[in-house]
Amino acid sequence: MKVLVIGGDGYCGWATALYLSNRGYEVGILDSLVRRHWDNELGVETLTPIALIQQRLQRWQDLTGKSIDLFIGDITNYEFLHKTLQQFQPNALVHFGEQRSAPFSMIDREHAVVTQVNNVVGTLNLLYAMREDFPDCHLVKLGTMGEYGTPNIDIEEGYITIEHNGRKDTLPYPKQPGSMYHLSKVHDSHNIHFACRIWGLRATDLNQGVVYGVLTEETGMDELLINRLDYDGVFGTALNRFCIQAAIGHPLTVYGKGGQTRGFLDIRDTVRCVELAIANPAEAGEFRVFNQFTEQFSVGDLALMVKKAGNAMGLNVEINHLDNPRVEKEEHYFNAKNTKLLDLGLQPHLLSDSLLDSLLNFAIKYQTRVDHKQILPKVSWHRN
Ligand code: NAD
Ligand code: USQ
């Protein structure tokens, strides 16, 4: 089966492309490399020294004998996208290729526009390209748990059955996203749902929680295959950031009360979930939604777990509750369903002491690359 991984030079995409290649899929990577450009623009670097995409792919081929096609370009450019799809002839499209940071999207008007144009137009182009030439191809699209926000009722997987004035229907679950980035994912979901309903395309929206970890079997094979690990205040995410902060002796940055609860998963489960979605495609006309996370934690609890693991390794770890730069509920109900991927056979890697140890050791190994000035959050959701 031929799978085009869009965004295959990024954190989730790189791990997924190698995993699928290792399992015998014919893989292509499409990436505009814009994420490396945004890092340059912000003056930040991943904790880990990532090689050029061409060097990464050459090393993969030398090690395994498997080749991965590379298409460098932007999916908001329809001509490029059309040409790439004609050349590669995919059976499945895995779409990671978006601007994925909530703080980046909240910097100012310009960054909100860049985020929404990049994400919404890119996905729209994909839908039209599928409609035109690949109506049977399965789109596996990375969405986010943050599309739902934090409602005071259980979160279902994409749809909710509602009874209203004596009538009943199953409808898309209400969305209350918390940033211009998360909003872009909601817009994508609506557009994809429309394309399935009206044109009969098939798609799976993977509403992924916050990903943590860095090692997968494939990216751990060689230093040149190392994955990115973001720690800065714009692209770094909660648990990864806490481990790196602990490793360099920076107090853990819990925003506000720390009761913010989210779904989380290990990057080793991200790659497996994508494979499960590809191997069990949606029906023609079906817009399927899976909630892709394995456990729920509050950020306060995560900080305590990192502190405990760090202390056990002899690190002195403090926890700071900073003024929250975001506008979000800091204490709330959160209970999200996540059974659909488990039903397809996902066997989760739950957060364990050994994972925290390995992530802390990774962070210690590369600690001299950390720019301490990039740790505190600088982007605010507040009007002034
Ligand atoms: P990333 O920034 O590491 O990777 C995204 C990749 O997509 C980059 O290599 C970038 O250059 C590429 N890209 C962006 N726009 C593009 C375009 N228009 N054309 C071609 N390539 C483009 O992000 P990530 O952490 O790997 O996230 C991948 C996807 O998973 C995103 O859609 C994100 O919203 C989703 N997701 C990520 C997380 C997480 O914790 N990292 C959690 C939930 C969902
Ligand atoms: N947080 C802290 N301290 C930090 C960083 C974050 O307390 O140092 C808090 C935030 O305020 C928020 C929560 O942790 O309440 C999660 O923040 P995050 O930066 O880890 O993740 P988020 O902004 O939600 O975005 C990340 C990815 C995004 C993905 C999303 C999944 O960057 O691409 O869509 O996780 S989810 O959170 O389920 O929407």
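The lining of the largest cavity in this predicted model divides into 6 nonpolar residues, 1 polar and 1 charged. The residues concerned are Pro103, Gly233, Tyr255, Pro325, Arg326, Pro377, Val379 and Trp381. Gly233 counts as polar and Arg326 as charged. The volume of this largest cavity is about 40 Å³.

The structure holds 2 cavities of 30 Å³ or more. For the second largest cavity, too, the volume comes to about 40 Å³. Its lining is made up of Tyr11, Arg100, Asp230, Phe235, Thr237 and Asn240. By class, these divide into 2 nonpolar, 2 polar and 2 charged residues.

Arg100, which helps to line the second largest cavity, also leads on to the ligand. Around ligand 1 there are 28 residues, and Arg100 is one of those that come nearest, together with Asp31, Asn118, Tyr181 and Lys185. By class, the shell around ligand 1 consists of 11 nonpolar, 9 polar and 8 charged residues.

Several helices and strands take part in this shell. At least two residues each are supplied by the helices α1 (11-22), α2 (34-42) and α7 (180-199), and by the strands β2 (26-31), β5 (138-144) and β9 (210-212). Asp31, one of the residues that come nearest to ligand 1, falls within the range of β2 (26-31). Tyr181 and Lys185, also listed among the nearest, fall within the range of α7 (180-199).

The protein backbone also comes within reach of oxygen atoms of the ligand. At cysteine 12, a backbone N or O atom lies 2.8 Å from an oxygen atom of ligand 1. For valine 211, the separation between a backbone N or O atom and an oxygen atom of ligand 1 is 3.0 Å. At glycine 10, a polar backbone atom is 3.3 Å from an oxygen atom of ligand 1. On its own, ligand 1 has 830 Å² of accessible area, and the protein covers 98% of that area.

Beyond strand β9, which supplies at least two residues of the ligand shell, the chain continues into a loop. Leucine 225 lies in this loop, between β9 and α8 (238-248). Is leucine 225 buried or exposed? Leucine 225 has a relative accessible area of 0%, so it is buried. Along the chain, leucine 225 and tryptophan 14 are 211 residues apart, yet their C-alpha atoms are separated by 8.9 Å. Tryptophan 14 falls within the range of α1 (11-22), one of the helices that supply residues to the shell around ligand 1.

How values were computed
Residues are numbered from 1 along each chain as its sequence is written. Chains are lettered from A and ligands numbered from 1 in the order in which they are written. This is a predicted model: local features need pLDDT of at least 70, side-chain atom pairs count only at pLDDT 80 or more; totals for chains, interfaces and linings use all residues. Side-chain values use heavy atoms; hydrogens and water are left out. A residue is near a molecule or strand if one of its heavy atoms lies within 4 Å of it. A polar contact is a pair of N or O atoms within 3.5 Å; within protein, one must be able to donate a hydrogen and the other to accept it, and residues adjacent in sequence count only if both atoms are side-chain atoms. Accessible areas come from the Shrake-Rupley method with a 1.4 Å probe; for residues, only the protein chains shown count as cover. Helices (H or I, at least four residues) and strands (E, at least two) are DSSP runs, numbered from the N terminus. On a 1 Å grid over the protein atoms alone, a cavity is a set of points where a 1.4 Å probe fits but cannot get out, and a pocket is an open set with protein on both sides within 12 Å along at least five of seven lines; lining residues have an atom within 4 Å of a point. Grid points are joined across faces, edges and corners, and a volume is the space filled by probe spheres set on the points. Buried means under 20% relative accessible area, exposed over 50%, partly exposed in between (1.4 Å probe, protein chains only).
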